Amino acid sequence: MDDIYDSNQQLIRACDDLRAIQVIASMAEDHGNEKETLAMTRRALEPIIDDIQEAINTIDEALIRLRKKEI
């Protein structure tokens, strides 16, 4: 169960990170530097995507273990 809780916390942090990117992108829209904004966004998304995928994998593994216990 700790796996699921930890993964939930990881997803919450990833969501917060995505909100921060959204704010930065919105501010960049006002200043018009699209190329720099796209590069920053791409770099910022890589670890967030990795964190989300790790959380998904952990939850999947926990659900498989839970299913096996039920059988």
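**Notebook: the buried side of helix α1**

I began with the residues of α1 that are hidden from the surface, and I noted that S7, Q10, A14, I21 and A28 are buried. The model I am reading is a predicted one, and I keep that in mind for every value I write down here. I next looked up what these residues face, and found that the buried residues of α1 pack against α2, which covers residues 34-70.

**Entry on the chain as a whole**

I stepped back to count the elements, and the protein chain has two helices and zero strands. I then looked at its outline: the C-alpha atoms fill a box of roughly 60 × 15 × 15 Å, taken along the principal axes. For the radius of gyration I wrote down 17 Å, whereas a compact globule of 71 residues would have a value near 11 Å. How much of the chain is buried? I found that 15% of the 71 residues count as buried. The accessible surface comes to about 5800 Å², and carbon and sulfur atoms account for 56% of that surface. I also looked up the charges, and the mean positions of the 9 positive and 16 negative charges lie 5 Å apart.

**Entry on the length of α1**

I wanted to check α1 against the expected rise, so I used 1.5 Å a residue, by which its 30 residues should span 44 Å. The C-alpha atoms at the ends of α1 are 44 Å apart, which agrees with that expectation. Just after α1 I came to G32, which takes a positive phi of about 75°.

**Entry on S7 and Q10**

I turned to S7, which is found in helix α1. Is S7 buried or exposed? I put S7 down as buried because its relative accessible area is 2%, and the cut-off for buried is under 20%. Leaving aside the neighbours within four places in sequence, I found S7 in contact with A55, T58 and I59.

Q10 is also a residue of α1, the helix that runs over residues 2-31. Its relative accessible area is 13%, and therefore I count Q10 as buried. Which residues does Q10 contact, once its neighbours within four places in sequence are left aside? I listed D51, E54 and A55. A55 thus appears in my notes for S7 and in my notes for Q10.

**Entry on D17**

D17 has its place in helix α1, but I could not enter it as buried, because its relative accessible area is 37% and D17 is partly exposed. I also looked up how far D17 is from E70: the two are 53 residues apart along the chain, and their C-alpha atoms are separated by 36 Å.

**Entry on T37**

I finished on the other helix, with T37, which is found in α2. I wrote T37 down as buried because its relative accessible area is 14%. Not counting residues up to four places away in sequence, T37 touches A25 and A28, and A28 is one of the buried residues of α1 with which I began. I then took the distance from T37 to I21, which are 16 residues apart in sequence, and found 9.8 Å from C-alpha to C-alpha. I21, too, is among the buried residues of α1.

How values were computed: Residues are numbered from 1 along each chain as its sequence is written. This is a predicted model: local features need pLDDT of at least 70, side-chain atom pairs count only at pLDDT 80 or more; totals for chains, interfaces and linings use all residues. Side-chain values use heavy atoms; hydrogens and water are left out. Helices (H or I, at least four residues) and strands (E, at least two) are DSSP runs, numbered from the N terminus. The radius of gyration is taken over C-alpha atoms; the globule rule is 2.2 Å times the number of residues to the power 0.38. Buried means under 20% relative accessible area, exposed over 50%, partly exposed in between (1.4 Å probe, protein chains only). Accessible areas come from the Shrake-Rupley method with a 1.4 Å probe; for residues, only the protein chains shown count as cover. Lys and Arg count as positive and Asp and Glu as negative; His and the chain ends are not counted. The place of a charge is taken as NZ of Lys, CZ of Arg, CG of Asp or CD of Glu. Contact means heavy atoms within 4.5 Å. The expected span of a helix is 1.5 Å times one less than its number of residues.
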